[in-house]
Amino acid sequence: MFGAAAAAGSVNPNKDVQVTPSLPDGISSLSFSPRANILVGTCWDNNVYCWEVSSTGQATAKASTSHSQPALCSSWNADGSAVFTGSCDKTVKMWNLATNQSQQVAQHDAPVRHCAFIPENNLLVTGSWDKTLKYWDLRSASPVFSYNLPERCYALDVKHPLLVVGTADRQLLVFNLQSPQQPYKVVPSPLKWQTRCVACFPGV
């Protein structure tokens, strides 16, 4: 079934639309605004790109910002006014789309692989290759809490009150955000290779 569709080449049952022009390097993350048809993508060329997506699926480039090294992750704030972006430069920046200005809001000792805003706690969580998970109150330059992971953070997802982290040693750490000081469950990944993406569904 899948092979036949791929062989046809021109089959496009979902009416997918390619974002053009193509970016100059690999895309490391994509995230849609929670409030509008705005798409943000991070790229290995150090840049973060923003597109407005029409009802027909056509994407129009609106703005961009940059890090000093490859950008690895992105996450929107609750009202869709700003985007958090993490990078190999070990920082997380908050990009205000209205002003097109960025400011650093978090720092690690190694590249930041994942970030996520938690509106229920009004905190930003960041996972890094320095083997730490940090929670940030944006009013402070220091993390409000830091947890030492067993290995580098390779995957992360948040659906309050659930947070899941996948690490380089193929472990899945499940946190209850009402008491995040320790994971309430650690599960060895059933997959043969390293975990690159996780998604949690607390209501299921």
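# Salt bridges, cores and odd backbone spots

Visitor: At what relative accessibility does E52 sit, and is E52 buried or partly exposed?
Guide: This is a predicted model, so keep that in mind throughout. Buried would need a value under 20% and exposed one over 50%. E52 counts as partly exposed, because its relative accessibility is 39%.

Visitor: Which residue does E52 form a salt bridge with?
Guide: Start from E52 in strand β3, residues 47-53, and go to strand β4, residues 59-66. The two partners are ten residues apart, in distant parts of the chain. The closest N and O atoms of the pair are 3.5 Å apart, and the partner is K62.

Visitor: How many salt bridges does a search of the whole structure find?
Guide: Including the E52 and K62 pair, there's also E151 with R152, closest N and O atoms 3.0 Å apart. D157 with K159 is another one, at 3.5 Å. Search the whole structure and the count is four.

Visitor: In the salt bridge of D157 and K159, which residue is buried?
Guide: The cut-off for buried is under 20% relative accessible area. K159 is at 39%, so K159 is partly exposed. At 15%, the buried one is D157.

Visitor: And for E151 and R152, which one is partly exposed?
Guide: E151 has a relative accessible area of 18%, which means E151 is buried. The partly exposed one, at 31%, is R152.

Visitor: Which strand gives the most to the largest nonpolar core?
Guide: That core has 16 residues, and V125, L133, Y135 and V158 are among those with the most contacts inside it. Strands supplying at least two residues each include β9 (112-118), β10 (123-128) and β13 (153-159). The top giver, with three residues, is β13.

Visitor: How many residues are in the other core, the one with V105 and F117?
Guide: This core lies apart from the 16-residue one. A106 and L124 are also among its members. Its size is ten residues.

Visitor: Which residue comes after the cis peptide bond that starts at H160?
Guide: Omega for that bond is near 10°. The residue in question is found in the loop between β13 and β14. The bond from H160 leads to P161.

Visitor: What is the phi of K131, roughly?
Guide: K131 is found in the loop between β10 and β11, and it's partly exposed, with a relative accessible area of 36%. Its phi is positive, in a residue other than glycine, and lies near 70°.

How values were computed: Residues are numbered from 1 along each chain as its sequence is written. This is a predicted model: local features need pLDDT of at least 70, side-chain atom pairs count only at pLDDT 80 or more; totals for chains, interfaces and linings use all residues. Side-chain values use heavy atoms; hydrogens and water are left out. A nonpolar core is a set of buried Ala, Val, Leu, Ile, Met, Phe, Trp, Tyr and Cys residues joined through side-chain atoms within 4.5 Å. Buried means under 20% relative accessible area, exposed over 50%, partly exposed in between (1.4 Å probe, protein chains only). Helices (H or I, at least four residues) and strands (E, at least two) are DSSP runs, numbered from the N terminus. A salt bridge is a side-chain nitrogen of Lys or Arg within 4 Å of a carboxyl oxygen of Asp or Glu.
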